[in-house]
Amino acid sequence: MRFNTIKYMEWAKLYQILNPVSFDLSNSAMAPPEPSDIGVTVEDAWWAGANHYGHPELKGLIAKRWGVKEEQIIPTGGSSLANFLFAASILETGDRAAIESPYYEPLGKILEALEAKVTEVPRRREDQFQPDVDAARKAFEKGAKLLILTDLYNPCGVHLDRARLKAIGEAAAKHGATVLVDEVYLDAMWEERPPIAATLGPQFVSTNSLTKVYGIGNLRAGWGIGRKDLVERAYRVYDYLSVLNSMPADRVAIRAHKSLDKLTARAKQRRAENFPLIKKFVESRNDLDWLEPKWGFIAWVRMKSKARSPAVQDLMRKKYDAQVSPGHFFGHPDHIRLGCGLPQDKLAEGLKRLGMALDELR
Ligand SMILES: Cc1ncc(COP(=O)(O)O)c(C=O)c1O
C-alpha cells in the first residue's frame, strides 16, 4: 500500500471547508436540507443496535429503491469508502486495473494506493466524453481486473451510454474482470434514471451515497452494490477500516432514505432554476465552450483564452471572494468545473465575479 496525498482532497478541505469564500461555484453537490426536512428526532442519536452487516432497515430501503437484493448491499461511510472497499476486494498488489480519463483524482489514487498497474480509458470531448470501448477491451485483454467509471461522469456530467456500458461489460465478463461504476451523481437523472449498473450483470458493481443529489455529504451515508461474494469480501475489508457504520448515522440515513422523493423534488427544482444561469453565462462568452450536460449539478467548461485554472482560482479567491473547481485536478488546467447547487443569488453573483476574473486573465 502506498498512500500519497490526494491533492484535490487536500485542496477541497483547505479551500471549501477551512477557508471558505462567499461565492463558491466549486461544489458539486446540492445544498444540504435541514434535519426537520427529513424528520430527524433526538432518538436517532441512540447508538445501540445491530448493524454489523449493514442496518437491516437501511439495506431494505436501498434494495427496494435501486432494485437489488439486500445481500448485494454494503452500507458504507460514503461512496468513497464503497469504492475503496470494492477495489481492495478485487485487486492485489501489482494487479492491472483501468480507469476513465480524465478522472476524479480520489478514484485514481485508490488504484495507486493498491499499487495497481494502471491503464487509462480515454473519454474524449470529440466522442461526447463517452468511454473508449476499444481501450477498455484492450485493458481487459492485457489483464485489467477492474475498470473504474463514473456515471454521471465527473467532471462533465455526461450520462454513460448504455450500449457502450454493455459492450464494456461483455468484454469484462469475457476476462473475468469487474466494472465499478461510481453512480454518486446518477440520481440527478430523476425519473429518467436507467437501471443501475449493478443490475446489468455480475461483472458490474455500483456505488452511491446521499452526498451529491441529496446534499447530505457530512452524514457519510453511502453504499456499494454488487454480487454477493464480492460484497461479503468488502465486509471483510471493512473490518480493517471501521468494522461497522455509526448507528446514529444509519438511523438518520434511514430518515433520509424515507424522504428521498422529497429530497429529489428539492434538488430537481434547484437544478431547473439554477442551471440556466450557468448555460447563459457560458454561452454568452466567446472565451468559453462546453458540452452542455443534460443532467446534474456540474459543468465542465473549457477556457479558450490563455487563462489557466491555477491563476483563475488564485485571482478569484484573492480579489473576488469566490472560487471554481480548478481543472488541473483533472489534468486539464485549461478547464474549470462549475457547480450549481448553491442558492441562486450566490450563483448569480459568483458567475458575475468569475466573468470579471476571466476578463482579467484573457
Ligand atoms: C465521482 C465521485 N465519487 C465520490 C465522491 C465522494 O462522495 P461521498 O461523499 O459519497 O464519498 C465524489 C465527490 O466529489 C465524486 O465526485
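Colleague: Which residue is the bridge partner of Pro75 in strand 8?

Modeller: Trp223 is that partner. The model is predicted, so local features need pLDDT of at least 70 and side-chain atom pairs pLDDT 80 or more, while totals for chains, interfaces and linings use all residues. Residues are numbered from 1 along each chain as its sequence is written, and side-chain values use heavy atoms, without hydrogens and water.

Colleague: What makes strand 2 and strand 8 a pair?

Modeller: Two strands pair if DSSP finds at least two bridges between them. Strand 2 and strand 8 (residues 222-225) are joined by four, so they pair, and they run antiparallel. A strand is a DSSP run of E with at least two residues, and a helix is a run of H or I with at least four; both are numbered from the N terminus.

Colleague: Why are strand 2 (73-76) and strand 4 (117-122) called edge strands?

Modeller: Because pairing needs those bridges, and each of these two strands pairs on one side only. They belong to an open sheet of seven strands in the order 2-8-7-6-5-3-4, with mixed pairing.

Colleague: How do you know that helix 4 (residues 105-113) packs on the sheet?

Modeller: Contact means heavy atoms within 4.5 Å. Helix 4 touches strand 3 (96-101), strand 4, strand 5 (144-150) and strand 6 (178-182). Its direction makes about 165° with that of strand 3; axes are lines fitted to C-alpha atoms, for helices over the stretch in contact, and angles run from 0 to 180 degrees between N-to-C directions.

Colleague: What makes strand 9 and strand 10 (residues 298-303) a pair?

Modeller: Three bridges join them in the antiparallel sense, so the requirement is met. One bridge links Leu288 to Met303.
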